[in-house]
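Subject: A structure for you to look at

Hi,

Here is the structure I promised to pass on to you. Please open it beside this email, so that you can find each residue as you read.

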Amino acid sequence: IVGALLAAFCGAPLVGRADDAKPKLKPYTLKTCVVSGDKLGEMGDPYVFEYEGREIKFCCKGCVKDFKKDPAKYIKKIEEEEAKAKKANP
């Protein structure tokens, strides 16, 4: 019995493996921090944050606090900037 259980366990697929595909986030395409307006990379590597299936990049971790106060405001701002860029580069 133990041998059969061991064989079944070893043959079963592993749950939560590291190489499992994670849902792809919508990329952040702006070159500036949506909160401060500062160019990304001027203060070191941008701080990357995940919000509702989106990747959001900030100039620093401190901007996340402001983003969390009114995320809808900043998401709208991101979408407006993305739409402008798309019109400029169709």
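Below is what was found in it, going from the overall layout to single residues.

Please keep in mind that this is a predicted model.

**The overall layout**

Let's begin with the chain as a whole. It has 3 helices and 2 strands, and along the sequence they come in the order α-β-β-α-α. Of its 90 residues, 21% count as buried. If you take the contacts in the chain with a separation of 6 or more, 42% of them are between residues 24 or more positions apart.

**The hairpin**

Now find the two strands. Strand β1 covers residues 47–51 and strand β2 covers residues 54–58; they run antiparallel, with 5 bridges joining them. One place to see the pairing is Glu50, which stands opposite Glu55 in β2.

The hairpin of β1 and β2 has 2 residues between the strands. Glu52 lies in this loop and deserves a second look. Most residues other than glycine have a negative phi. Glu52 is not a glycine, yet its phi is positive, at about 45°. With a relative accessible area of 68%, Glu52 is also exposed.

**The nonpolar core**

Which residues have the most contacts inside the largest nonpolar core? They are Val34, Val35, Ile56, Phe58 and Phe67, in a core of 16 residues. The elements that give two or more residues to this core are β2, α2 (62–69) and α3 (71–88).

Ile56 is a good residue to click on. Leaving aside its neighbours within four places in sequence, Ile56 is in contact with Tyr28, Val34, Tyr47, Val48, Phe49, Tyr51, Phe67, Ile75 and Ile78.

**The aromatic rings**

A search of the whole structure finds 5 aromatic pairs. In one of them, the ring centres of Phe49 and Phe67 are 5.9 Å apart and the planes are at 70°, so this pair is edge-to-face. Phe49 is in strand β1 and Phe67 is in helix α2, so the pair ties together parts that are 18 residues apart in sequence. Phe67 also pairs with Phe58: here the centres are 5.5 Å apart and the planes are at 65°, so this pair is edge-to-face too.

Are these rings buried or exposed? Phe49 counts as buried because its relative accessibility is 15%, and Phe67 counts as buried at 0%. Phe58 is buried as well. These three rings belong to one aromatic cluster, formed by Phe49, Tyr51, Phe58, Phe67 and Tyr74.

**The cysteines**

How many disulfides does the structure hold? The number is 0. Cys33 is in no disulfide, and the nearest cysteine sulfur, that of Cys63, is 3.8 Å away. For Cys59, the closest cysteine sulfur is again in Cys63, at 3.7 Å, which is too far for a bond. The cut-off used for a disulfide is 2.5 Å between the sulfur atoms. Cys33 counts as buried because its relative accessibility is 1%, and Cys59 counts as buried at 5%.

Cys59 also leads you to a glycine. The C-alpha atoms of Gly41 and Cys59 are separated by 6.8 Å, and the two residues are 18 residues apart along the chain. Gly41 is found in the loop between α1 (2–11) and β1. With a relative accessible area of 45%, Gly41 is partly exposed.

**A buried arginine**

The last stop is Arg54, which lies in strand β2. Is Arg54 buried or exposed? Arg54 is buried, because its relative accessible area is 10% and the cut-off for buried is under 20%. A polar contact of 3.2 Å joins the side chain of Arg54 to that of Glu79. Leaving aside neighbours within four places in sequence, Arg54 is in contact with Leu25, Lys26, Phe49, Ile75, Ile78, Glu79 and Glu82.

If you want a short route through the model, begin at Glu52 in the loop between β1 and β2, go on to Ile56 in the core, and finish at Arg54 and its polar contact with Glu79.

Enjoy exploring!

Best wishes

Terms used: Residues are numbered from 1 along each chain as its sequence is written. This is a predicted model: local features need pLDDT of at least 70, side-chain atom pairs count only at pLDDT 80 or more; totals for chains, interfaces and linings use all residues. Side-chain values use heavy atoms; hydrogens and water are left out. Two strands pair if DSSP finds at least two bridges between them. Helices (H or I, at least four residues) and strands (E, at least two) are DSSP runs, numbered from the N terminus. A nonpolar core is a set of buried Ala, Val, Leu, Ile, Met, Phe, Trp, Tyr and Cys residues joined through side-chain atoms within 4.5 Å. Buried means under 20% relative accessible area, exposed over 50%, partly exposed in between (1.4 Å probe, protein chains only). Contact means heavy atoms within 4.5 Å. Rings of Phe, Tyr and Trp (its six-membered ring) pair if their centres lie within 6.5 Å; planes under 30 degrees apart count as stacked, over 60 as edge-to-face and the rest as tilted. A polar contact is a pair of N or O atoms within 3.5 Å; within protein, one must be able to donate a hydrogen and the other to accept it, and residues adjacent in sequence count only if both atoms are side-chain atoms.
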